[in-house]
Amino acid sequence: EEPIYTPLQQHQNYAAMLAILGRECETIKLPSGSAALIQSRSLGALGTLRMVTAGPNHPTTALPHERLKDIERLRKARVQIINPVSPGDHVMQAAGYRMIMTPAHDAVLAIALPAHERHAVMHGKWRNRLRSAQSTPLNISIRPYASGTDLWLLATEAKQRRNLRYRGWPTTLTRAFAKSNPAATWIAVASSENEPVAAMLFLG
């Protein structure tokens with residue numbers, strides 16, 4: 001079976017974004033039937049660093065020995081760093097890779113489910129928050145991102161990032177993604193009296 005979802009860093013839209021930025025990447029087929037997007041970066045005299053982020057994206061039915069063959073294929077492709085979706089998997093160690101930093105975690109939300117199913121699986125606190133928000137006089141619009149008129153969102157988020165001192169997705173990547181994948185870049189805006197009060201950007 002196919003993977004439940006394809007992480008952004010393993011999607012061909014991400015490869016298109018990297019091409020816009022002039023970064024080298026390639027996609028190779030793996031024994032399990034899946035594929036892996038490999039990024040390459042020159043380190044000067046130290047050579048070239050080859051890495052796979054959020055991958056490889058094994059089929060959901062892949063057995064440990066099948067996943068091991070995928071990882072071994074990446075070793076043969078001279079991949080030095082793999083940032084897998086499941087960092088605790090012993091298959092990585094069996095293939096000769098070692099953990100060098102504490103893994104991060106991603107949240108995956110099934111937003112394609114019908115509204116009543118999404119509501120049913122919500123924690124009571126967040127379900128109540130949602131109902132409260134839905135009772136407010138907000139106007140919600142969802143449309144393709146416009147690089148000319150929607151830059152305010154990137155500027156606002158960058159300011160918030162500085163004030164709250166956190167790191168986030170680089171603005172340079174957002175702009176490159178929107179340029180290379182305009183049909184896969186959407187913005188949702190909540191407005192009150194024609195003034196935006198919140199917004200979210202979706203890259204797909």
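This tour moves through a predicted model, from a three-stranded sheet to one residue and then to the aromatic rings.

Residues are numbered from 1 along each chain as its sequence is written. Local features need pLDDT of at least 70, side-chain atom pairs count only at pLDDT 80 or more, and totals for chains, interfaces and linings use all residues, while side-chain values use heavy atoms, without hydrogens or water.

Select β5, β6 and β7, which form an open antiparallel sheet in the order β5-β6-β7. Strands are DSSP runs of E of at least two residues, and helices runs of H or I of at least four, numbered from the N terminus. Because β5 (139-144) and β7 (195-203) each have a single partner strand, one side of each is left without a neighbour in the sheet. Between β5 and β6 there are six bridges (strands pair if DSSP finds at least two). Among the residues to display, I142 has A188 in β6 as its bridge partner.

Next, select T185 in strand β6 (residues 185-192). T185 is buried, at a relative accessible area of 1% (buried means under 20%, with a 1.4 Å probe and protein chains only). Beyond its neighbours within four places in sequence, T185 is in contact with residues including P144, Y145, F177 and L203 (heavy atoms within 4.5 Å).

Finally, display R75 with Y97: R75 lies over the face of the Y97 ring, 5.4 Å from the centre. At K125, the charged end sits over the ring of W126, 5.0 Å from its centre. Such a charge is NZ of Lys or CZ of Arg within 6 Å of the ring centre and within 35 degrees of the ring normal.

Methods: Buried < 20%, exposed > 50% of the residue type's maximum accessible area, 1.4 Å probe, protein only.
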